[in-house]
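Student: I am new to this entry. Please show me how to read it.
Tutor: Take a look first, then ask.

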There are 2 protein chains.
Amino acid sequence: MKGILWPRRSFPSMRNFIIVGHLAKTTPDFSLEDIPGTSGRMDILCRCINSAFMLSHGIRKDVRVLLVLLGGEVQKTVCLRGEDLRHLNPDERTTAALIKKALAVPATPSWTMSTSGIFVRTGGLPELLEGMKSGRLFYLKEDGSEVRGKDLPQDATFVLGDHQGMTEPEEALLAAARAEVISVGPVSLHADHCIVIINNELDRVEMKNQK
Amino acid sequence: MKGILWPRRSFPSMRNFIIVGHLAKTTPDFSLEDIPGTSGRMDILCRCINSAFMLSHGIRKDVRVLLVLLGGEVQKTVCLRGEDLRHLNPDERTTAALIKKALAVPATPSWTMSTSGIFVRTGGLPELLEGMKSGRLFYLKEDGSEVRGKDLPQDATFVLGDHQGMTEPEEALLAAARAEVISVGPVSLHADHCIVIINNELDRVEMKNQK
């Protein structure tokens with residue numbers, strides 16, 4: 001897996017979710033007995049993973065989640081890829097254990113596989129946005145324009161902040177990358193709930209286009 | 001809190017979510033270190049609580065969650081009421097700890113308070129449906145009619161199954177109570193994701209009606 005900027009893709013279109021964890025640890029020294037208190041709120045990112053992948057019977061294969069972890073000396077990104085993701089359960093603790101494993105892998109600027117479908121590298125949001133080759137980019141924010149009726153493309157990347165929201169420099173990066181600012185409704189929601197609503201919107205668009 | 005069938009309500013309209021946990025323990029003897037493996041999948045119910053109450057900044061006061069726990073000798077129902085709910089955090093573990101506390105309280109057919117905003121009693125779905133005094137009843141199922149455009153009432157009760165879905169006798173009960181069968185989209189989702197989508201739909205209806 002060395003030498004490539006972005007884990008390969010074999011689906012014609014992919015739903016990508018980038019979540020920025022401003023305090024999230026980049027080292028595996030946090031406790032599964034107190035995830036919110038010891039990991040820089042990795043629990044938020046675990047719930048985002050659940051929202052992005054989980055279906056009643058199985059996981060979404062055409063989804064990729066990219067966790068940008070900024071709570072360490074060196075920024076890291078963890079990628080979870082639906083098509084070959086294994087051992088993912090819906091609960092927070094087992095998801096956090098998978099992230100912990102990925103953070104124990106020595107990270108370089110190239111992707112290294114941790115467990116099946118989970119990759120890690122150094123670098124953060126700038127590197128991710130640079131590496132994006134196709135698809136439209138959306139930034140989820142309270143004052144964005146209404147997502148419904150937008151006829152969202154299936155090949156798209158959605159960027160979400162954690163409980164701290166996004167910083168001004170991050171917003172500037174997203175603007176430079178021509179991200180469209182969208183909102184999922186009239187009430188400010190946690191990132192994991194926003195992802196559920198985006199997936200639902202994409203499911204509906206997909207169904208409509210298949211008809 | 002003795003002697004009343006249903007915890008009092010002080011909001012003009014309430015969003016009620018009933019989730020039936022077919023294997024969920026009715027006793028507090030499960031481990032917070034392995035919630036999915038020891039509690040009869042209480043993790044599913046914890047995620048439903050998160051979806052029902054959590055906002056970016058605070059919790060929804062006009063929501064009530066009723067967990068029907070069927071994995072014990074005596075059926076129990078735990079009620080969480082937004083208007084006076086305290087100590088609720090978004091992570092699964094602390095939510096499971098609150099449920100554990102409620103299950104340690106001696107339960108009778110009347111509601112008994114555990115911690116602020118959390119009540120417990122014996123009885124299950126039949127007792128809940130009998131006690132419903134107002135508002136429309138909805139049952140969420142894959143083949144139900146499309147929720148969008150239904151102009152959902154704010155005063156309503158939504159019934160959801162866990163990973164096992166609902167049994168035939170439960171479906172018969174719901175039919176007798178004139179539950180409308182609705183669906184939140186083209187893909188079968190976990191109960192917690194359905195609740196996020198229902199809350200979003202209700203937020204949108206509320207905003208539209210306020211205009």
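Student: Through which surface do the copies meet in this predicted model?
Tutor: In this predicted model, 100% of the interface residues of chain A are also interface residues in chain B, so the copies meet through the same surface.

Student: How many residues does each chain bring to the contact?
Tutor: Chain A gives 27 residues and chain B gives 27 residues.

Student: Which elements of chain A give two or more residues to that side?
Tutor: They are α1 (35–38), α2, β2 (54–55) and α6 (191–210) of chain A. The most comes from α6(A), with 7 residues. By kind, the side of chain A that touches chain B holds 12 nonpolar, 9 polar and 6 charged residues.

Student: How do I read the relation between two copies?
Tutor: Two copies of a chain are related by a rotation about an axis and a shift along it. Here, a turn of 180 degrees and a shift of 0.0 Å along the axis lay chain A on chain B, with an RMSD of 0.0 Å. That is the relation of a two-fold axis.

Student: Now inside chain A. At what angle do helix α2 and helix α3 pack?
Tutor: Helix α2 (residues 42–53) and helix α3 (residues 92–104) of chain A pack at about 105 degrees, and their axes are 9 Å apart. Angles of 65 to 115 degrees count as roughly perpendicular, which makes α2(A) roughly perpendicular to α3(A).

Student: Which residues make the contact?
Tutor: From α2(A) come M42(A), D43(A), C46(A), R47(A), I49(A) and N50(A). From α3(A) come E92(A), T95(A), A96(A) and I99(A). The residues of this contact of α2(A) with α3(A) divide into 5 nonpolar, 2 polar and 3 charged.

Notes: Residues are numbered from 1 along each chain as its sequence is written. Chains are lettered from A and ligands numbered from 1 in the order in which they are written. This is a predicted model: local features need pLDDT of at least 70, side-chain atom pairs count only at pLDDT 80 or more; totals for chains, interfaces and linings use all residues. Copies are superposed by least squares on the C-alpha atoms of residues with pLDDT of at least 70 in both. Two residues are in contact if their C-beta atoms, placed from the backbone, lie within 7 Å. Axes are lines fitted to C-alpha atoms, for helices over the stretch in contact, and angles run from 0 to 180 degrees between N-to-C directions. Helices (H or I, at least four residues) and strands (E, at least two) are DSSP runs, numbered from the N terminus. Angles under 35 degrees count as roughly parallel, over 145 as roughly antiparallel, 65 to 115 as roughly perpendicular and the rest as oblique. Ala, Val, Leu, Ile, Met, Phe, Trp, Tyr, Cys and Pro count as nonpolar, Asp, Glu, Lys and Arg as charged, and the others, Gly among them, as polar.
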